[in-house]
Structure formats: structure tokens, C-alpha cells
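Here are my notes for you to read beside the structure. Please keep the view open and find each element as it comes up.

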Amino acid sequence: EMFFAMVSHEMRTPLTACIGMAEILLETTSLDSKQRECTHCIRCSGSALLFLINDLLDFSKVQSGMLELDLRPFVVHDCIDHTLEIVQMRAEASGLELVSWVSSAMPRVMVGDGGRLQQILLNLLNNAIKFTPRGKITLRCHLDANDGRLMFQVEDTGIGISAETMERLFQPFVQAADVTNSALARRYEGTGLGLAIS
């Protein structure tokens, strides 16, 4: 586990630099359409790989009981808005409507691990986008009146989850969809770690 953590860190550093350079190329240089397409592919592929490395590293920490939460005050609306901004482009590219509803009773600032909360919301929203061919994805947030906890709900018009799969959903390497067709399996493929980490 220590070896994996060190290797992951060594991989993340140059990968982050590659993603950053691709972003600079896209934002500050005059690229023709083919160059822009290739650079965009580099950035998207790099981001996907970085996401995978982070998931693997977090899963390793969860398994070893070494995952620590960074509890500090954070602005709830900022966390939600930033998360939605990250997935908005992907939702639009898939022709999906992305909407949110946040209770007016929500306090502005709460204490918790805002980064981990964002990671969980990203996993849930990315799954919703992945398994929703058309329609709408809704993120709802309210405060539990009994114990003051934040409650989140992600609802989509996607393919759904069977009761059997629901029981195994938060186990490692379990996919959210019951896909037996190999072409569909490739479309919905992933590590199956996101919800286990969440």
C-alpha cells in the first residue's frame, strides 16, 4: 500500500503538469481546429487518468483505514456550484439537462470535508450522466431536521438499477448497470470504485 501510494504520487505530478500545459495551449494559443481537437483529447484523457489514479489511491487508503477527513468550515453553495460546473459540459455534450435544488434553510457555512463531499457528488453525478442516454439529472440538497446532516439526492431519467445490483452497489468493482451485451458493457465500463470510495 505504501508502494502504491508513492507510485501514485509520482504519476500524479507529471500528469497534472501535462493537463495544465494542455489547458494553457487551449486557452492562450491560436490552434487550428485539428490541433484544438488533439489538445482537447490530451486534456480530457489526462483528466480521466488522473481521476482514476485518485480513485485507486483513495480506495487503497480506505482499505488500510488511513483515509483522513479534513474537517474545516466550507461554503456549501460554493461546493455544490463548483461541482456542477465541472460536470456541466459533459452533461451538455450528452444532451442532458442538469438542474439543482438547494433548500433555502441551508446554512451558508458548515464544518466538514468539502473536498471529499465534492468527490462524492462528482462520482454520483458522473454515474448519472454515464447511465442516462437522454433526459434530465437533478441534484437536490437539504438539511436533515433531526440531526442537522446534509442530505443529497441525485435523480436521473437513466436506465435504472435492479434491486439485486442495488444490494451490491457500494462494493468495490461493482458496476451500477446490469449489462450483459458486450457492446453496452464497453459503453458503461469503469473501475467500479467510485461508489465504494463514496
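**Notes on the fold**

1. Of the protein's 198 residues, 30% count as buried. Please bear in mind that this is a predicted model. The protein exposes about 12400 Å², and carbon and sulfur atoms supply 57% of that area.

2. The protein has seven helices and five strands. Along the sequence they follow the pattern α-α-β-α-β-β-α-β-β-α-α-α. Among contacts in the protein with a separation of 6 or more, 68% are between residues 24 or more positions apart.

3. Look next at helix α2, residues 33-64. Does its length agree with what its 32 residues should span at 1.5 Å a residue, or what else is found? The expected span is 46 Å and the end C-alpha atoms are 47 Å apart, which agrees.

4. Both ends of α2 deserve a note. D32 caps the N-terminal end, with a side-chain oxygen 3.1 Å from the backbone nitrogen of K34. Just after the helix, G65 takes a positive phi of about 70 degrees. The buried residues of α2 include L50, I53, L57 and F59, and the charged-letter entries R43, D55 and D58 are also on that list.5. Helix α4 (residues 114-130) has 17 residues and reaches 24 Å from its first C-alpha to its last, close to the 24 Å expected at 1.5 Å a residue. At its start, a side-chain oxygen of D113 comes within 3.3 Å of the backbone nitrogen of G115. Among the buried residues of α4 are L117, L121, L122, L125, A128 and I129. For reading such a list, recall that an α-helix has 3.6 residues a turn, so residues three or four places apart point the same way.

6. One residue of α4 to inspect is N126. Is N126 buried or exposed? It counts as buried because its relative accessibility is 18%, and the cut-off for buried is under 20%. Its side chain makes a polar contact of 2.8 Å with the side chain of R90. Leaving aside neighbours within four places in sequence, N126 is in contact with F51, V87 and R90.

7. Now turn to the sheet. Three strands form an open sheet in the order β2-β4-β5, with mixed pairing. The edges are β2 (96-102) and β5 (150-156); each has a single partner strand, so one side of each is left without a neighbour in the sheet. Neighbouring strands are turned by 10 degrees against each other on average, direction ignored.

8. Why is the pairing called mixed? β2 and β4 (residues 135-143) pair in the parallel sense over seven bridges, whereas β4 and β5 pair in the antiparallel sense over seven bridges. To find the first pairing in the view, look for L98, which stands opposite I137 in β4. For the second, look for C141, which stands opposite F152 in β5.

9. The hairpin of β4 and β5 has six residues between the strands. In this hairpin, G148 takes a positive phi near 75 degrees.

10. Which helices lie across β2, β4 and β5? Helix α3 (residues 76-93) does, running at about 170 degrees to β2. Helix α4 also lies across these strands, running at about 15 degrees to β5.

Technical notes
Residues numbered from 1 in each chain as written. Predicted model: local features only at pLDDT ≥ 70, side-chain atom pairs only at ≥ 80, totals over all residues. Heavy atoms only, no water. Helix = DSSP H or I, 4+ residues; strand = E, 2+ residues; numbered from the N terminus. Expected span 1.5 Å × (residues − 1). Buried < 20%, exposed > 50% of the residue type's maximum accessible area, 1.4 Å probe, protein only. Polar contact = N/O pair within 3.5 Å; in protein donor to acceptor, adjacent residues only side chain to side chain. Pairing = 2+ DSSP bridges. Axes fitted to C-alpha atoms, helices over the stretch in contact; angles between N-to-C directions. Contact = heavy atoms within 4.5 Å. Areas by Shrake-Rupley, 256 points an atom, 1.4 Å probe, with all protein chains shown as cover.
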